[in-house]
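Reader: Hello! I would love a close look at one part of this protein, with the rest brought in where it helps.

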Amino acid sequence: FLPIVLISGCAKPDKVATFGSPVDGVFYTVEIYDGFGLGSGTTSVYAHFERNGKSKKMLVLQGDDLTVAKIIWNGPNDVTLCLGTGFTEIFRNEVTLSLGDSPEPSETISNHLQEHCDAR
């Protein structure tokens with residue numbers, strides 16, 4: 001069991017989708033890791049902030065067999081994550097991405113989960 005955990009912790013995702021935002025240098029990625037053996041796959045959603053050659057990445061959402069149908073930017077700092085199937089294990093309703101000490105640039109983003117957002 002331990003070798004699988006160590007290997008999967010360093011593994012690269014099998015699929016990555018990028019969702020740009022209205023703010024330059026801010027984007028989200030949905031990273032899918034296929035399951036090992038009998039285990040299910042894991043989906044992770046990360047917020048990214050890049051500016052002036054610096055970058056920050058923070059986990060927003062993670063779960064097993066989780067399908068993120070789409071990501072909707074409601075505004076420059078407000079996101080709705082549309083879920084399909086699966087189980088949510090980690091969710092942060094707000095993330096602050098800072099590139100260093102004050103007064104370095106930072107972005108705070110509010111996150112919302114919603115099922116069945118097909119009507120939007």
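Are Y28 and W73 buried or exposed? Please start there and then walk me along the strands around them.

Author: Happy to. Please keep in mind that this is a predicted model. Y28 is buried, and W73 is buried as well; the cut-off for that word is a relative accessible area under 20%.

These two residues also belong together as a pair. When the whole structure is searched for aromatic pairs, one is found. It is edge-to-face, because the ring centres of Y28 and W73 are 5.2 Å apart and the ring planes meet at 80°. The pair ties together distant parts of the chain, with Y28 in strand β2 and W73 in strand β5, 45 residues apart.

Let us follow W73 first. Its strand, β5, covers residues 68-75, and β6 covers residues 78-83. The two pair in the antiparallel sense over six bridges. Two residues lie between β5 and β6, and together the strands form a hairpin. Within this pairing, W73 has V79 of β6 as its bridge partner. So much for one end of the aromatic pair.

Now to Y28 and its strand. β2 runs over residues 26-33, and it has a place in an open sheet of five strands. The order in that sheet is β1-β2-β3-β4-β7, with antiparallel pairing. At the edges are β1 (15-20) and β7 (87-91), each of which pairs on one side only. From one strand to the next, the twist averages 25°. At the β7 end, strand β4 (residues 54-64) runs antiparallel to β7 and is joined to it by four bridges. One pair you can look up there is Q62, whose bridge partner in β7 is I90.

Staying in β2, the residue I would show you next is E31, which is located in that strand. E31 has a relative accessible area of 6%, so it counts as buried. As for charge, side chains of opposite charge can pair when their charged atoms come close. Here E31 forms a salt bridge with K57, with 3.5 Å between the closest N and O atoms. A search of the whole structure finds one salt bridge. This pair, too, links distant parts of the chain: E31 sits in β2 and K57 in β4, 26 residues apart.

The two partners differ in how much of their surface is accessible. K57 has a relative accessible area of 43% and is therefore partly exposed, whereas E31 is buried at 6%. K57 has a ring beside it as well: it lies over the face of Y46, at 4.2 Å from the ring centre. Y46 turns up again among the contacts of E31.

The full set of those contacts, leaving aside neighbours within four places in sequence, is P13, K15, V16, T42, T43, S44, Y46, H48 and K57. You can also trace the backbone around E31. Its C-alpha atom is separated by 6.7 Å from that of A17, although the two residues are 14 residues apart along the chain.

Two loop residues are worth a look while you have the model open. N52 is placed in the loop between β3 (42-51) and β4. Its phi is near 55°, a positive value in a residue other than glycine. With a relative accessible area of 70%, N52 is exposed. Further along, D65 lies in the loop between β4 and β5. D65 also has a positive phi, near 50°, and again the residue is not glycine. D65 counts as partly exposed, because its relative accessibility is 44%.

Finally, here is the setting for all of this. The chain has one helix and nine strands. Along the sequence the helix comes before the strands, in the pattern α-β-β-β-β-β-β-β-β-β. Of its 120 residues, 33% count as buried, and Y28 and W73 are both buried residues. Among contacts in the chain with a separation of 6 or more, 43% are between residues 24 or more positions apart. The pairing of Y28 with W73, 45 residues apart, and that of E31 with K57, 26 residues apart, are two links of this kind to look for on your screen.

Methods: Residues numbered from 1 in each chain as written. Heavy atoms only, no water. Pairing = 2+ DSSP bridges. Axes fitted to C-alpha atoms, helices over the stretch in contact; angles between N-to-C directions. Buried < 20%, exposed > 50% of the residue type's maximum accessible area, 1.4 Å probe, protein only. Salt bridge = Lys/Arg side-chain N within 4 Å of Asp/Glu carboxyl O. Phe/Tyr/Trp six-rings, centres within 6.5 Å; stacked < 30°, edge-to-face > 60°. Lys NZ or Arg CZ within 6 Å of the ring centre and 35° of its normal. Contact = heavy atoms within 4.5 Å.
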